[in-house]
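Colleague: Hey, got a minute to walk me through a structure? I'm still new to this.

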Amino acid sequence: MQLQSTCPYCGVGCGIVADHQSGLQLSGDKEHPANYGRLCVKGSALAQTLGEQGRLLAPKVDGQTVSWSEAIDTVASRLSAIIAQYGPGSVAMYLSGQLLTEDYYVANKLMKGFIGSPHVDTNSRLCMASTVAGHKRAFGADIVPGCYADIELARCYILVGANMAWNHPVLFQRIQACKQQDPSRKIIVIDPRRSASCEGADLHLALKPGSDLLLFNGLLSFLAKENQLDHDFILAHTQGFSEALATAQQQAGTIEQVALGCDLTAEQVAALYRCFIDEPLTLTLFSQGVNQAQNGTDKVNAIINCHLATGRIGKAGCGPFSLTGQPNAMGGREVGGLANQLAAHMDYSQNADIELVQEFWQAPNICRQPGYKAVDLFTAVERGDVKAIWIMATNPVVSMPEADRVKAALQACPLVIVSDIVSHTDTIACADIVLPATGWSEKDGTVTNSERRISRQRALLPAPGLARHDWQIICDVAAAMGFAEHFNYSGPADIFAEHAALSAYKNSGQRAFDLSGLMQLTVQQYQDLAPVQWPVNSKYPDGASRLGSDGQFYTASGKAGFIAVSQQQAADVAADHLLLNTGRIRDQWHSMTRTGRAAALLQHRAEPFLEVHPQDAEQLGLTDGGLARLSNSLGQMDARVRLTEAQRSGECFVPIHWTDQFSSQGRCDVLVPALVDPVSGQPALKQAQVKILPLNLHWQVWLMLKPELDEQLWPLCRSSGYASKQKQSQTVLYQLELAEMDLALAAGTGLDAARLQLWLSSLGIQPELCSQALTLGHYRAAAFQAEQLSCCVFISPEPLNLALEYLDQQFNKELSLSERRQLLTGRSRSGEAQSAVICSCFQVCEASICAAIRQGCQSYQQLGQRLKCGTNCGSCIPELKALIASELSLQGERL
Ligand code: SF4
């Protein structure tokens, strides 16, 4: 039997087909308009992330496993006691773009209508709140005017602050396919880093971080100077043009001014502007590089201003396009998951909206003022104003700025409730009550992707253990708090119908978000719901691809608004500091609770890393492959150094994904100050300043073990020196670096084997087979249980190139004595060592790819024919192209 569902990762919202014929087989849905069958590497590896290992299977209260009835009663009674003593504003919820719309809807309704606390915010605040605010300022509503089909119709793609090749790979592949079909199409990347998205781009503007507002203000000025404005559109359908243009001209009146402010050449700036003029079918796609800034909202409006000025909005093949981060960031916006929203795209700015929602919900305690946005919410927890917080499907101890402060605030908070799918997260470590939720493949509901398309996520597997759906948990707590009558839903279809009905309630066209066409769905129709773009109403019975095509917007005047925005002076970078940029990587998702379970996804980038320009590295004493410690007054992070000229000098980059569950000190957001955009409340997650020092730890340790030992050993191993953890196919690998004192070794260069054995014993490991090359300073050992390898350890003062895949394969089978001895060499008999995996789908390593290039492969297609790399999801194609370029240039140098 086949079922269609949707990928749970990024906002592209790819359709998936699940086939149960021989186990669960997942593939891209050829009929889904987001991906037409394509999946990126994360989507392709979804099946590897399933299974009960590491899942949270039963509710826990104060560390004790309890029944669901006890858990629900405890949540309800503790919340009620706090509300009775301190008022409803003392309790809060922090939600997630991972939740389904139906979960989100009931959570928001419970808090804002029944408990009476407006303090409901979501991790979507961290990724697209600036776009929401920018859309509302420009269009009067949070509408995305375009659709994915515009990609095939466009002739120029401007990617701003968006590494689409890694973060929205399937859309990037659609762009690349267009470019391949017609190479005269243009791809322009605006990003301080030369990211994978720059492979094959016509132009890369490596601008000064944060100067994109100036760049787009310059474009607006240039359009006016070159007489390229659409005066008819501006006059008939917009307002505020003169002020916006005058402000832009003040700062960015000439190309030279812009080039200077953005740290670009005048030729680069002119090339961008010329391209925008020459190609009316231009799509400007933007993401976190725009949103996650103190002027994120202004940057969004600077982009929209240029499209309004040329009338390129709501038309086929052009427009500004926000790429949302999460699978249901848009759904959260629709139900009012943000603290400044109410529900169904209504907010607190108009009394009529508040009355309307109150009336529809029959809510006894409707909120009338916005609540705390994410950063303010955790500050209120820290102050003690919020005394109870219920966190669902997210990990703020990792993802919030000043993450150590957030951790301390939660540790001190009287009541922390966490609903999650896994048993160990950095946030669960702070929880009093832990509730097991169903995850992707087990739950049923809807999500909305970046192009306003609502798709079904369908349950493919039974819930593990006692896990329950989030909407059920919330409704049970609501009932236990006395609101049963209003939360008596029969299932997600019932909730969706109410959500759709609220969007339609007293909506005579003034509210863009309108699902009136879906509010009468039967359960079967909901089950069968095909992907559809809202609004779905009498005007658009089959949904709407584009909005604003008729020049009508949702402001009071019906006209779109230009917003006058100006570039603020960037803060100086302190002496001895680098500017820190943070972001995602190709194969991981958020805090790795799901992707960290797939061995294949940890081969591309296995550890927390720091990308830094070679010139900076030389000054700082950093070496490629060595360790570095990043620090500032807020905290510190340890990471493996990667030297790259893709990084501007004076700046550096670290990934956002590593947590205490996978590293000793890999949480980058401990370094990020809690500075926010004053309009949107979105934190500026890309502008920390850090000092960097080499972290010189003498002993390198590789410890590979059976997964059963992980829970016991990880807390012991991660507490000293440097540690990172990677799941392998059958085992778990710890990569540790320890100072001599940590191992309590004797002075000198040699190892004291007895003390090493003592250290291993302290971890509960009794090595049976040892190989000591004391003069070389090497120590190797293996431990066995019931004749099978349970762990092996390699210790050396210098890097060892171990054949990790071979070592992993030695577990779960009986080994002869000679095989045991071979194992301790760290290599298979063929002597094959390990290099970084470039193609995660087919596990093709860099070494094999480089060898194939040296043997004559000169295109990624030829590499694909020989090694299969790049022939499944295609996410690695930009890196294959980069390897070809670098190998061929090396060959040229050798000649
Ligand atoms: S692009 Fe990849 S991560 Fe995003 S929805 Fe599609 S398959 Fe999932």
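Modeller: Sure, and let's start with a term we'll need: two strands pair if DSSP finds at least two bridges between them. Also keep in mind that this is a predicted model.

Colleague: OK, so with pairing in hand, what is the bridge partner of Glu 611 in β27?

Modeller: That's Phe 653. Glu 611 belongs to strand β24, residues 609-612, and β27 covers residues 651-655. These two strands pair in the antiparallel sense, over 2 bridges.

Colleague: Which way does β24 pair with β26?

Modeller: In the parallel sense, over 4 bridges, with β26 spanning residues 635-643. As one example, Val 612 stands opposite Leu 643 of β26.

Colleague: And what actually holds strands together like that?

Modeller: Strands of a sheet pair through backbone hydrogen bonds, either parallel or antiparallel.

Colleague: Are the residues on the two faces of β24 buried or exposed?

Modeller: Buried, on both faces. Phe 609 and Glu 611 are on one side, while Leu 610 and Val 612 are on the other. That fits a general pattern: in a regular strand the side chains alternate between the two faces of the sheet.

Colleague: Let's switch. Which strands make up the open sheet of 3 strands?

Modeller: The order is β19-β20-β21, and the pairing is antiparallel. β19 (445-448) and β21 (532-533) are the edge strands, each pairing on one side only. β20 is made of residues 453-457 and pairs with β21 over 2 bridges. At one spot there, Arg 453 has Gln 533 in β21 as its bridge partner.

Colleague: New topic: the ligand. Which residues surround it?

Modeller: Among them are four cysteines you can pick out, Cys 7, Cys 10, Cys 14 and Cys 40. The list also includes Tyr 9, Val 12, Leu 39, Lys 42 and Pro 169.

Colleague: How many residues of that shell are nonpolar, polar and charged?

Modeller: The shell has 9 nonpolar residues, 2 polar and 1 charged. Helices α1 (41-44) and α7 (169-181) each supply at least two residues of the shell.

Colleague: How many cavities of 30 Å³ or more does the structure hold?

Modeller: There are 7. The largest cavity has about 100 Å³ of space in it.

Colleague: Which helix gives the largest share of its lining?

Modeller: α17, with 4 residues. That helix runs 374-383, and α19 (403-412) is another that supplies at least two lining residues. Among the residues lining the largest cavity are Val 375, Phe 378, Arg 405 and Ala 674. By class, the lining divides into 7 nonpolar, 1 polar and 3 charged.

Colleague: One more thing, Thr 101. Where is it found?

Modeller: In helix α3, which covers residues 101-115. The side chain of Thr 101 makes a polar contact of 3.2 Å with the side chain of Asn 328.

Colleague: Why does Thr 101 count as buried?

Modeller: Because its relative accessible area is 2%, and buried means under 20%.

Colleague: And Ser 5, buried or exposed?

Modeller: Ser 5 is buried too, with a relative accessible area of 3%. This serine is found in strand β1, residues 2-6.

Colleague: How far apart in space are Ser 5 and Gly 15?

Modeller: They are 5.8 Å apart, C-alpha to C-alpha, and 10 residues apart in sequence.

Colleague: Great, thanks for the tour!

Conventions
Residues are numbered from 1 along each chain as its sequence is written. This is a predicted model: local features need pLDDT of at least 70, side-chain atom pairs count only at pLDDT 80 or more; totals for chains, interfaces and linings use all residues. Side-chain values use heavy atoms; hydrogens and water are left out. Buried means under 20% relative accessible area, exposed over 50%, partly exposed in between (1.4 Å probe, protein chains only). A residue is near a molecule or strand if one of its heavy atoms lies within 4 Å of it. Ala, Val, Leu, Ile, Met, Phe, Trp, Tyr, Cys and Pro count as nonpolar, Asp, Glu, Lys and Arg as charged, and the others, Gly among them, as polar. On a 1 Å grid over the protein atoms alone, a cavity is a set of points where a 1.4 Å probe fits but cannot get out, and a pocket is an open set with protein on both sides within 12 Å along at least five of seven lines; lining residues have an atom within 4 Å of a point. Grid points are joined across faces, edges and corners, and a volume is the space filled by probe spheres set on the points. A polar contact is a pair of N or O atoms within 3.5 Å; within protein, one must be able to donate a hydrogen and the other to accept it, and residues adjacent in sequence count only if both atoms are side-chain atoms.
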